[in-house]
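Work through the exercises below with the sequence and the model open side by side. Each task is followed by a solution that proceeds step by step.

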Amino acid sequence: MVLGDTLLDRDVEGLVNRLCPDSPVPVLDETTSVDRPGGAGLAAVFAAAQGAEVALVTAVADDAGGARLGTLLAAAGVQLYALPLAGATPEKIRLRVRGRVLLRHDRGGATGVPGEPSEAVLRLLAGASAVLVSDYGRGVAGQGALRAALAATRAPVVWDPHPRGPAAVPGVHLATPNEPEARELAKTPPGGSRLANASRSAQALRRRWQAGAVVVTLGGDGALLCHAGSTPLVVPAPAAEGDTCGAGDRFAAAATLALARGALVSEAVQEAVTEASAYVAGGGVATALPAPPVAVAPAVVTAGGDRIGAHAAGEVVARVRASGGTVVATGGCFDLLHAGHVATLQAARLLGDCVVVCLNSDASVAGLKGPERPVVPQGDRSRLLAALGCVDAVLVFDEPTPHAALSWLRPDIWVKGGDYASGGGAQTLPESEILARWGGHTVVVPYLDGRSTTDMIAAARAGWRAGTVAPAGTVREPVVRSTAKGAR
C-alpha cells in the first residue's frame, strides 16, 4: 500500500533554435509530451511494475488533471483509493532539450485539504503487507484518521518524508530522507564531514520519530543507515549517471517491497540502493515506466460542449458535493440512443442530484463490439446525451471499462439498467468493488424490454440487404458514396 500526495508530471521535450524576440530567453519548439503520475503515484507505479498488488491512497481533485491521473494509474495496474481534494491537481511540467531540463513549471495553487478516508481504506491499512508513506508536503500524510491507522498497523511502514510535511508516526520501521531533507528536518548545524553530518541527522530523526531505522540517501554515493547502535552502515552505490528524477521514489518503493517479503532492514536498504542505481543508469523515468496505454494525449474528452468532458464533469461533481448532494453516475456505449437508454437515465436522475454519464469512446466501443461499431461517433453520442434534461455531464473514456473514470469521479451511486438482478440470484456488478473503496453503492434500475442497440442495427442491416423498409424504431446503416473514378 502506498499513501501520500500524487501529482501529475509532464515531460515536454523540444528543440531550441532561436531566442524570443521580445526577451533574451530561449524558445522551446515542442516535439513530444508525456504524462505520468508523480509523487506517491510514481512510487505506486514503480511497485506495480515489479509485480506487486498495489493500492494507492491519495487525494484527487475534481478536474481534468485528476481524471488524467485516474487513467494513468489504472493503466499501470494501481488500485486507486481516492480521497476528495479541494482545489486543483498539482502539476509539475519539465521543459527538456535533448534530455536536459531547461525549466520546471509548477502549477496547481495552494495545498488543498484532503477529505476523510472511507472504511474500505482503513480496513486496507489494517491488512496491508507493507505500507509506504510518500509525503510530498500536501496534506495526505497529516490526515488524522490515516495517521491513527498507520500507528496501529502491524505491517512494516516506510516513511519517505518531506520538509513541509508532518513528522513520521511513532514506530515506523524505516524513514528514507535524502541528504538535504535529513539536514533540514533534523536542523543539523554546518560543519564536519558529509558522512558525519548524515549520521547525526539520521540519529536525531530516529530518536525524535521513535523509528526503527533511518536511512539517508546520498545520491550517487549510496546511502547511510542508522539503527539503534552507534555505528552506521554505509551502502555504496554502483557508478551510475543519468536522469535522477524519481530515483528517491524508486528507492523507497524497492525498500518497501523488500520488507514486505520479509527482508531485514539492512537487506532492504542494500536492495534499494541497487535498484535506484540501476534505474538512473538505465535512463531514469523515461525508460522505467510502462508505455502509455493509447497515446500521450489525455484519454478523456475535454472539449465539445459545456456539459462534455472532464472539466464539465468535475465542476458538476464538485458543486453537488459542496452542497451535500448525491452524485450519480452511469455508463455505456449508447450507440443509437433509444427509449431504453432514456428510461435508464431518467431513473438514475431520480436517485440523486446529478447524473454523470461515462461514455465509451469510439476506440473503446470498437474494442468491445468489433470494428464495425460504433455506428454513431463519440462526438455525436456525447452531444445527444448532454442534450437530455436528465444528464448533467458526459465523460468520455478510452479504456474497456469505466473503472479509471469511476476512481476519479467517486460517485455515491453507480446505476446499471438491465436484468442483472433477475435469474437465479442477484449478480454482483463488476463496478461494486470499485464503488466500495469510497463507500459508494451500485444499483440496478428497470429497463424497457425489447430495446437493444445490437438488435436495432442487425434489423436495419438485414432490411437494407433485403431491399425492404426497416422496422419502426430502427435506423438504416449509412452508406458512403463517392464520385471518384472507380469508386463503388
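**Exercise 1. Find which residue caps the N-terminal end of α4, and describe the contact.**

Step 1. The cap is Gln-143, whose side-chain oxygen lies 3.0 Å from the backbone nitrogen of Ala-145. For such a polar contact, a pair of N or O atoms must be within 3.5 Å, and within protein one must be able to donate a hydrogen and the other to accept it, while residues adjacent in sequence count only if both atoms are side-chain atoms.

Step 2. Before going further, note that this is a predicted model, in which local features need pLDDT of at least 70 and side-chain atom pairs count only at pLDDT 80 or more, whereas totals for chains, interfaces and linings use all residues. Residues are numbered from 1 along each chain as its sequence is written, and side-chain values use heavy atoms, with hydrogens and water left out.

**Exercise 2. Determine which residues of helix α4 are buried, and how they are arranged around the helix axis.**

Step 1. Helix α4 spans residues 144-152, and its buried residues are Leu-146, Ala-149 and Leu-150. Here buried means under 20% relative accessible area, exposed means over 50%, and partly exposed is in between (1.4 Å probe, protein chains only). Helices (H or I, at least four residues) and strands (E, at least two) are DSSP runs, numbered from the N terminus.

Step 2. Viewed down the axis of α4, the buried residues fall within an arc of 100°, so they line one face of the helix; the arc is that of the directions from the helix axis to the C-beta atoms. As a general rule, an α-helix has 3.6 residues a turn, so residues three or four places apart point the same way.

Step 3. On the face turned away from the buried side, α4 carries the exposed residues Ala-148 and Ala-152.

Step 4. The cover over the buried residues of α4 includes strands β1 (2-4), β4 (54-61) and β5 (78-85), together with α3 (119-127), β8 (131-134) and β9 (157-160), where contact means heavy atoms within 4.5 Å.

**Exercise 3. Identify the salt bridges that tie strand β6 to strand β2, and say whether their residues are buried or exposed.**

Step 1. A salt bridge is a side-chain nitrogen of Lys or Arg within 4 Å of a carboxyl oxygen of Asp or Glu, and the structure holds 21 of them.

Step 2. One of these joins the side chains of Arg-94 and Asp-11 at 2.9 Å, N to O. Arg-94 lies in strand β6 (residues 91-97) and Asp-11 in strand β2, so this pair ties together parts that are 83 residues apart in sequence.

Step 3. Arg-94 has 9% relative accessibility and therefore counts as buried, and Asp-11, at 10%, counts as buried too.

Step 4. Arg-96 forms a salt bridge with Glu-13, with the closest N and O atoms 3.0 Å apart. Because Arg-96 lies in β6 and Glu-13 in β2, this pair also connects parts that are 83 residues apart in sequence. Arg-96 and Glu-13 are both buried.

Step 5. Asp-11, Glu-13, Arg-94 and Arg-96 are among the members of a salt-bridge network that also includes Arg-36 and Asp-243.

**Exercise 4. Establish which parts of the chain are tied together by the salt bridge between Asp-62 and Arg-410.**

Step 1. The side chains of Asp-62 and Arg-410 meet at 3.6 Å, N to O.

Step 2. Asp-62 lies in the loop between β4 and α2 (64-75), and Arg-410 in the loop between α14 (403-409) and β17 (413-417), so the pair ties together parts that are 348 residues apart in sequence.

Step 3. Both Asp-62 and Arg-410 are buried.
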